[in-house]
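New to this one? Have a look at the structure below, and then we'll walk through a couple of its spots together.

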Amino acid sequence: MTDFFEGEKMENLIKIAPSVLSADFAEMGAAVEKLESCGADMIHCDVMDGTFVPKITFGCDMIAAIRRHTSLPLDAHLMVVNPQNQVRFFAEAGASLITVHREACGDDLKNVLRLIKNCGARGGVVVNPNTSLREVYDCLDLCDVLLIMSVYPGLGGQRFIDGVLPKVEEARRIFDAQGIAKDIEIDGGITEENVRRVKEAGANVIVTGNTVFKSDDMAKTIHDLRTL
Ligand code: DX5
Ligand code: ZN
């Protein structure tokens, strides 16, 4: 972690956002209640439309249902084409943070980010492993969060792509140079083995699905991901 966060206790800055993609969808309410009781800071909701990524998961009505089972902030990761058509629905359903893919927005990215803010949610842009940070330099000022994918989107349980770490370091250098402590969220393949490296690189919001849901001690795993 770099200079800008100095002075704060490291684990106070780290937020653990388990992804419900790995939950049993037939028991989603119980799953998010358990995540909250085990110390999660946010619920990461992977929205897939079957076009931007091959599978379909759920829409805004699942967010509304999850909203009734937890007081935690809901982080809607929109892996969808034309996200501008979805933003209002997800904000009204209770998403506190809505992130949209650089690769799905074309020239409309800034307008989509403005729309998220106008709908009262925090917003962010997502970059896939093969998308350079240069592609989002001009919209970072409109983002509350930068989400850096460490797997190609579409599935849980994939292997972490080490090659994204320099991108995390570059993003943290940019925010430090601007004197802002903006959240850098990393998503995909995070385990107890690699979480230290992603935090040292400058990520402070850790998304993890498989590692948390396959754990036989969810509270310990969430604690370890935060403190390792
Ligand atoms: C993948 C999703 C990720 C994924 C994380 O498209 O965006 O949030 O569910 O799950 P793990 O931690 O299992 O890679
Ligand atoms: Zn995700």
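What follows is a short tour of a metal site and a strand in this predicted model.

Let's start with the metal. The zinc ion (ligand 2) has protein donors H44, D46, H77 and D187, and they sit 2.1 to 2.3 Å from it. Along the sequence these donor residues follow the spacing H-x1-D-x30-H-x109-D. What arrangement do the six donor atoms around the zinc ion make? It's octahedral, because the angles they subtend run from 73 to 176°. For reference, ideal angles for six octahedral donors are 90 or 180 degrees.

How open are the donor residues H44 and D46? H44 is buried, because its relative accessibility is 0%. D46 is buried too, because 5% is still under the 20% cut-off.

Now for strand 6, residues 145-149. Five of its five residues are buried, so the rest of the structure largely encloses it. V145, L147 and M149 point one way from the strand, while L146 and I148 point the other way. In a regular strand, side chains alternate between the two faces of the sheet.

Strand 6 has these pairings:

| Partner | Sense | Bridges |
|---|---|---|
| Strand 5 (residues 122-127) | parallel | four bridges |
| Strand 7 (residues 183-187) | parallel | five bridges |

On the strand 5 side, V127 stands opposite I148 of strand 6. On the strand 7 side, M149 has D187 as its bridge partner. To get from strand 6 to strand 7, the chain passes through helix 7 (residues 165-178), making a right-handed β-α-β crossover. And D187 takes us back to the metal, since D187 is one of the protein donors of the zinc ion (ligand 2).

Key: Residues are numbered from 1 along each chain as its sequence is written. Chains are lettered from A and ligands numbered from 1 in the order in which they are written. This is a predicted model: local features need pLDDT of at least 70, side-chain atom pairs count only at pLDDT 80 or more; totals for chains, interfaces and linings use all residues. Side-chain values use heavy atoms; hydrogens and water are left out. Donors are N, O and S atoms within 2.8 Å of the metal (3.2 Å for Na, K and Ca); water is not among the atoms, so sites may look incomplete. Four donors count as tetrahedral if all angles lie between 85 and 135 degrees; four count as square planar and six as octahedral if opposite donors are over 155 degrees apart and all others between 65 and 115; anything else is irregular. Buried means under 20% relative accessible area, exposed over 50%, partly exposed in between (1.4 Å probe, protein chains only). Helices (H or I, at least four residues) and strands (E, at least two) are DSSP runs, numbered from the N terminus. Two strands pair if DSSP finds at least two bridges between them. A crossover is right-handed if, with the strands pointing away from the viewer, the path from the first strand over the helix to the second runs clockwise.
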